[in-house]
Every structure is written in C-alpha cells, then in structure tokens.
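Here is my note on the cysteines and charged pairs of the model, set out as numbered points. Please read it alongside the entry below.

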Amino acid sequence: MSKKIRLKVPATSANLGAGFDAMGIALDLYCYATFKATDGGLRISGCPAEFRGEDNLAARAFRAVEDVIGAGHRGVEIEIDSDIPVARGLGSSAVMLAAGAFAANEIYARPLDSAKLLEITTAIEGHPDNLAPAIYGGLCASVAENGKTPVSAHYPVSENLRFVALVPDFPVSTAQARKALPGEVSFKDAVFNLSRLSLLPKALETGDSALIGAALDDRLHQPCRAKLIRGYDLIRARALDAGAAGVVISGSGPTILCVLRREEAEGFVTRMGRVLEPLEDHWVCHILDCDREGARVI
Ligand code: HSE
C-alpha cells in the first residue's frame, strides 16, 4: 500500500457536438492532486471551504472505491491544485471523481481496472462522457445504463489538430444546462445527430476539416443551450470565419471549443482575441492538444 501519491488528471470536453452524453475528449489542461494515507479523518486543501467535506467529489470517489473493495474508510489527506476552471464545461467534476477513484485504487495497490473505476465514478456523476476520457485519455465513446457496467471505446486523435477553448468568466452549472434540454426531440433531429456522430471518430483521427465541420454539428442540445452563453452566436460565427473547422459548446458550457489545424492555432487565437476583447464578459483562450494518457501518477 503506498502512503502518498501525486496524480495528474486531464480536463475533458464532452459531447463534441453530435455526441451528446456519449463522446468526450481529454485535453492537456490538468488537475494535480496529492493523496496521502493518514491515521484517520479526511483533510482537503486547495479548494473553497464548502468543498472540503465528505461530499467533496474526490473524497466520494475515494470512499466509493474503498466500499467496492471492502476496505474500511481510512484517513486521507487530499491536496488539490487544479488549472481546470470550475463550472465552465471542461469536466472539472469528472476530473475530481476520476482523481479520487484513481488515487484510492493506487493506494490500495490497484485491485480494480479502469473499467471498474469508470463504473464506480459514473454511478456518482450519472453520465460517463467526461469520465471516460479523464480516466483513459484520448477520444472516448461511452454508454452507461442504470445499474449496468459502462461500455467505452477509444479512438486515436490526429497530432495535427488543436482544440482552442474559449473560456468566459461566468459559470454555467451542468444542472442549469440540463434543465434547458428539451423533453423530446424529433425523429429528424435524432437522425441528423446520428449521421454526424458516425463521422466523428474518423474526422478527429484524420483531421479532415470537411469531416470535422459536419461531425461537430448538433440539433439535440446546443440549440437550447446557446442562450445560456452570452455572445455565443457571434463568437461561433467569427470562429468559423477565422478558420475553425468546427465549433461546439464544450460539455454543458459555457466554454466554446474550436477545432482546427495545429499550424492555424496561433493566428486563430490572435483573430479571436480581437473579437472577444470588446465583449462584456472577459474571455480567455487556451490552445490545447488532446491528452492521450488520462489520469496518471506523476
Ligand atoms: N453530457 C453532459 C451534458 C456533460 O452535456 O450535460 C456535462 O456534464
């Protein structure tokens, strides 16, 4: 049993347009967390005081792994140092769950495999689309039904792509964004998404701009969520003019994720800076690559 471990867990962007609640990609923006086995109790630092109790997501996942392996709840100290903004659609909750589950598994000498960690954390989060890439890295498709083990598939992502995250200074909670969803969708819109989603793995594997443009379109969730993001229509239109092959709401927003060729990323950010600067909200651009490893010990 190791006494202290330090982890790195990637941010994630779920949905990717057509893949609502199914697809997610890991990005090279990280949460670092140190877990130390102690004689008793729980101590958490590096996050606001209201998140330092047993309901902290990393602590819940840690305890859930202990319950599955039949260990008692041991003392643990968790130190969080995250570059991933909270409530911005970059998977910050899934990252904490993945960190807690991964850390417990390491501390107890790896009794569980990654699929089991995905199952345990999905039972807490409710959907696996951010969790699978946080755990495995790369582009992941996943399916979870209540009470069943989630099934996930992993796809390669072209080295020639970059993911520019445009992050505003206002939050949108997932709960709020899920309330904006329609109760039903039309057969036509379901087919629209299915056909586009089937292009997505090949689009991101090859980096083909035309495929990416088609694959990242969506009629299930983005039309209802766009209104939660001030400036969305303008920013999306300008990002496409500035050379993005595809533009989507990252997860449940408000971050806007633009997919484009690696060599175009710097120029794109300069052009988008001129679009974002006069807006009433402060927006920050991050040029990100796909993280291909997922949660790991460092
Ligand atoms: N698929 C989820 C959603 C991701 O869009 O609501 C955010 O947790």
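**Charged pairs and cysteines**

1. Glu 66 and Arg 63 both belong to helix H1 (residues 57–69), where they stand three residues apart, about one turn of the helix; helices (H or I, at least four residues) are DSSP runs numbered from the N terminus. This is a predicted model, in which local features need pLDDT of at least 70 and side-chain atom pairs count only at pLDDT 80 or more, while totals for chains, interfaces and linings use all residues. Residues are numbered from 1 along each chain as its sequence is written, and side-chain values use heavy atoms, with hydrogens and water left out.

2. Glu 66 and Arg 63 form a salt bridge, with 2.9 Å between the closest N and O atoms; the term requires a side-chain nitrogen of Lys or Arg within 4 Å of a carboxyl oxygen of Asp or Glu. Arg 63 also meets Glu 54 in a salt bridge at 3.4 Å, N to O, and Glu 54, Arg 63 and Glu 66 are thereby linked in a network.

3. Within this network, Glu 66 is buried at 0% relative accessibility and Arg 63 is buried at 7%, whereas Glu 54 is partly exposed at 44% (buried means under 20% relative accessible area, exposed over 50%, partly exposed in between, with a 1.4 Å probe and protein chains only).

4. The structure holds 15 salt bridges, including one between Arg 296 and Asp 291 at 2.7 Å, N to O.

5. Zero disulfides are found in the whole structure, a disulfide being a pair of cysteine sulfur atoms within 2.5 Å. The sulfur of Cys 140 is too far for a bond because the closest cysteine sulfur, in Cys 290, is 8.6 Å away.

Definitions and conventions. Helix = DSSP H or I, 4+ residues; strand = E, 2+ residues; numbered from the N terminus.
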